[in-house]
Amino acid sequence: MHMSGESLLIILVVGLIAGWLAGQIVHGAGFGIVGDIIIGIVGAFIGSWLLPQLGIHLGTGIVAAIVNATIGAMILLLIIRLARGGGGWRWGGNWGRSW
């Protein structure tokens, strides 16, 4: 299998965006560029396996790839949080914060 430089760049960009989005939604903060890319790429694998199993097909294109990877990355982060015993659910935003 031969992967062009352009394909690798697209994978890294999708991973970065998806990892950052998932970090914002689930954790409330990003994990740095490398962490976001890793979370996004692993999330893309999870999403591309899990969503078709559930009968969900988002289509093709870069936006569908980002959404797919973001959903997978959110699932990954929630599993990591449960495995660590991270306590209650804290979604991004100001909902759970007291000022």
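**Surface patch and pocket in a three-helix chain**

Helix α3 is the top contributor to the nonpolar patch, supplying 4 residues. This is a predicted model, and the patch in question sits on the surface, where I10, L54, I56, L58, I62, V63, V67 and I71 together offer about 660 Å² of accessible area. One of these patch members, I62, belongs to helix α3. With a relative accessible area of 46%, I62 counts as partly exposed, because that label covers values between 20% and 50%.

As for the overall fold, the protein chain has 3 helices and 0 strands, so reading from the N terminus the order of elements is simply α-α-α. The chain runs to 99 residues, and 28% of them are buried.

Then there is the largest pocket, which holds about 220 Å³ of space. Its lining is made up of I10, I11, V14, G15, G40, I41, A44, F45, S48, A65, N68 and A69. Three elements each put two or more residues into that lining, namely α1 (5–27), α2 (32–53) and α3 (62–84). Here α2 gives the most, with 5 residues. Chemically, the lining splits into 8 nonpolar and 4 polar residues, with no charged ones. Back on the surface, I10 turns up again: this residue is listed among the pocket lining and also among the members of the nonpolar patch.

Notes. Residues numbered from 1 in each chain as written. Predicted model: local features only at pLDDT ≥ 70, side-chain atom pairs only at ≥ 80, totals over all residues. Heavy atoms only, no water. 1 Å grid on protein atoms, 1.4 Å probe; cavity = no way out; pocket = protein on both sides within 12 Å on 5 of 7 lines; lining within 4 Å. Points joined across faces, edges and corners; volume = space filled by probe spheres on them. Nonpolar A, V, L, I, M, F, W, Y, C, P; charged D, E, K, R; others polar. Patch = residues over 30% accessible without salt bridge, like charges linked within 9 Å, V, L, I, M, F, W, Y side chains within 5 Å. Areas by Shrake-Rupley, 256 points an atom, 1.4 Å probe, with all protein chains shown as cover. Salt bridge = Lys/Arg side-chain N within 4 Å of Asp/Glu carboxyl O. Buried < 20%, exposed > 50% of the residue type's maximum accessible area, 1.4 Å probe, protein only.
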